[in-house]
Protein chains: 2
Amino acid sequence: MVIPPQDQPITSLADVAQLAKVSIATASRVLTGSSHPVAEKTRRRVVSAAERLDYVPSAVGRALVTKRTALIGVIVNDISDPYFAEIARGIDDAARDAQYLTMICNADARPEAELSHVKALSSFPASGIIFAGSGSAVPGAEAAVAEAARRAEKRGVLVTALARKSFECRTLTVDNFAACRDLTRYLVSIGHRRIAFVEGPPDRYASIDRLAGFRSALAEASLTEAHVYTGGFDFESGATAARRMLSNDLPDAVVAGNDESAAGLSHALREAGIDVPGQVSVAGIDDTRTARIAGLTTVRVPLYELGHEAARQMVTRTANDGPLLTLFPHEIVVRSSTAPRHSTRP
Amino acid sequence: MVIPPQDQPITSLADVAQLAKVSIATASRVLTGSSHPVAEKTRRRVVSAAERLDYVPSAVGRALVTKRTALIGVIVNDISDPYFAEIARGIDDAARDAQYLTMICNADARPEAELSHVKALSSFPASGIIFAGSGSAVPGAEAAVAEAARRAEKRGVLVTALARKSFECRTLTVDNFAACRDLTRYLVSIGHRRIAFVEGPPDRYASIDRLAGFRSALAEASLTEAHVYTGGFDFESGATAARRMLSNDLPDAVVAGNDESAAGLSHALREAGIDVPGQVSVAGIDDTRTARIAGLTTVRVPLYELGHEAARQMVTRTANDGPLLTLFPHEIVVRSSTAPRHSTRP
DNA sequence: TTGTAAGCGTTATCAG
DNA sequence: CTGATAACGCTTACAA
């Protein structure tokens, strides 16, 4: 590592102590708000010395002793995806309230990237690591990540997931199966019969659980799926599925694996002259800001709240007691991308 | 700070050295890839010992000596705003390539929050701090932030801004004035005459420069502005402006201060039965993913690239030599929210 | 080529 | 109530 020119010496606790004419120990006790008793007069001398010198305690010096930094690491697939951005915002708000800093790591769903991030975060070490995305159901795909997470935990790093992972881990999430089942039930309830699904990445638990929920709702209603299109969690995947749908046959309604995909789907459908929701209803999942902008019917998943609560538990170190799995409620949000079957556009 | 139970001792360089039967110094030289010569046989012993112990060097121990952590801090207004999320993604990609971690700090445009983040980042200290959002033109509003940034720089922390700030600072950005002027020129070129503007937060340089660019283009064409609506950089601000527009009088076209606002604007207009772009053309600025989803005509601002290049310069410590101001090019992107005057929807 | 040891800034222990 | 000091894990002169 390149050592940059150290133009200015850092003012350290020793400087504060010297100016206040106390020992380093006393200065530390005052500035950390320790419970160790310090005379009021002494305290004031230290505080004013610190202010005069614009003293900022060295996080590194402190961490060397406490073996912990006021850092929370978040491993996302892609921070520019609103799903993760909203989670990250919730985390950082809770972190900031407790004077913690939030580190964002993009892993693009690659286990090797996750692994290297877990290691980097452990090297500080961060107080906690939050896995924002769901895991891969491919056997062994996450083995190394699981092992690294387990080791980090043994060293006192709190680990929390906000979606189902392939290893045991404290988890705050929603019931993806139920969420997608409820959404599909809604589409059935407004008269749709031929309903298609656009899948997310097929190895992800989020995709798998959502597809299963979709199928469950259809089975309840004694319906068979119109078609399950392979897809992905991005706009382009939805658009691609739409094009295949157009050259295939149009269902009454489509459930997409998430909002991004639903947005791409309805965009491409409309571009081809299809009336959404007049001819085809389209629904997404997550209720990210994409859903609002595109006017999508969707299922609200409390992303901000998931992140906020996970981080809150970490900074208060409550995460160790709570239950291993906490489910947050979801809720259908009806907007203008769906309509009763055979209605026309309002 | 609470000291957590240290379930497991951290394996340190001493452990590696012991297992490899070398001194700590030698182990360090091998593992840091120092230029100091080490016998090949010794090197291999150290490497295999490190592997066997699953050694991860302590970032804190290292930072205590080098006075620098492999951390880049990014101060954004709101990471859940795609504008900032796309910048953050660019930064993290460059950071990750160099084995740096990215810290995201949400400041919601509040100088006090920015200040506390700069201090927190300095306390590590981070290698660099990137200000993603533009500054406030209110005199003195950012004085304390400017001072803290200046001090951080004196200690070797690199500081870069991705938008105009009220203090001198290495800056990579686009010409907001020209961007908005060019967009307005485009609307004029397709026949619009009565053109309105929806402002961003009035104290921000980004808002001010864009409004000035808008007025400049109108002046060139000897037009007067239809109306300048107060607004903001969010969806709701655009929607609010639309409602005032409806009870006022409809212009031929509207330029919004950014894409979020433009999305809210066109959403509310359409909800009120107005044909966009048939009756009113709407354009945004930035070309965030919001623009793609909403099908907005806009100006592409290379957000990812700005973040990527800023971070790249930081990790290579090139930021000290380059020019103080670097302008990145912008580009008009035409989508379906604008059309020539008096045309009907395609 | 290897090793010894100083020192980074902080907290915590223990003695006064 | 205050202070001296060990310890944390690492890098890097300097010595051998």
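DNA strand D is surrounded by 28 residues, a residue counting as near when one of its heavy atoms lies within 4 Å of the strand. The closest are A:Arg29, A:His36, A:Thr42, B:Leu13 and B:Tyr55. This is a predicted model: local features need pLDDT of at least 70, side-chain atom pairs count only at pLDDT 80 or more, and totals for chains, interfaces and linings use all residues. Residues are numbered from 1 along each chain as its sequence is written, chains are lettered from A and ligands numbered from 1 in the order in which they are written, and side-chain values use heavy atoms, with hydrogens and water left out.

Sugar or phosphate supplies 65% of the strand D atoms within 4 Å of the protein; bases supply the rest. Backbone atoms reach the phosphates. A polar backbone atom of B:Leu13 is 2.4 Å from a phosphate oxygen of strand D. For A:Ala39, a backbone N or O atom lies 2.8 Å from such an oxygen. Helices α2 and α4 of chain A and α2 and α4 of chain B each give two or more residues to this surface. The largest share, five residues, comes from α2(B).

Now turn to DNA strand C. Here too, 28 residues surround the strand, and the closest are A:Leu13, A:Tyr55, B:Arg29, B:His36 and B:Thr42. Sugar and phosphate make up 62% of the strand C atoms that come within 4 Å of the protein. A:Arg62 uses its side chain: an N or O atom there is 2.8 Å from a phosphate oxygen of strand C. A:Ser58 uses its backbone, with an N or O atom 2.9 Å from a phosphate oxygen. The largest share of this surface, five residues, comes from α2(A).

Key
A polar contact is a pair of N or O atoms within 3.5 Å; within protein, one must be able to donate a hydrogen and the other to accept it, and residues adjacent in sequence count only if both atoms are side-chain atoms. Helices (H or I, at least four residues) and strands (E, at least two) are DSSP runs, numbered from the N terminus.
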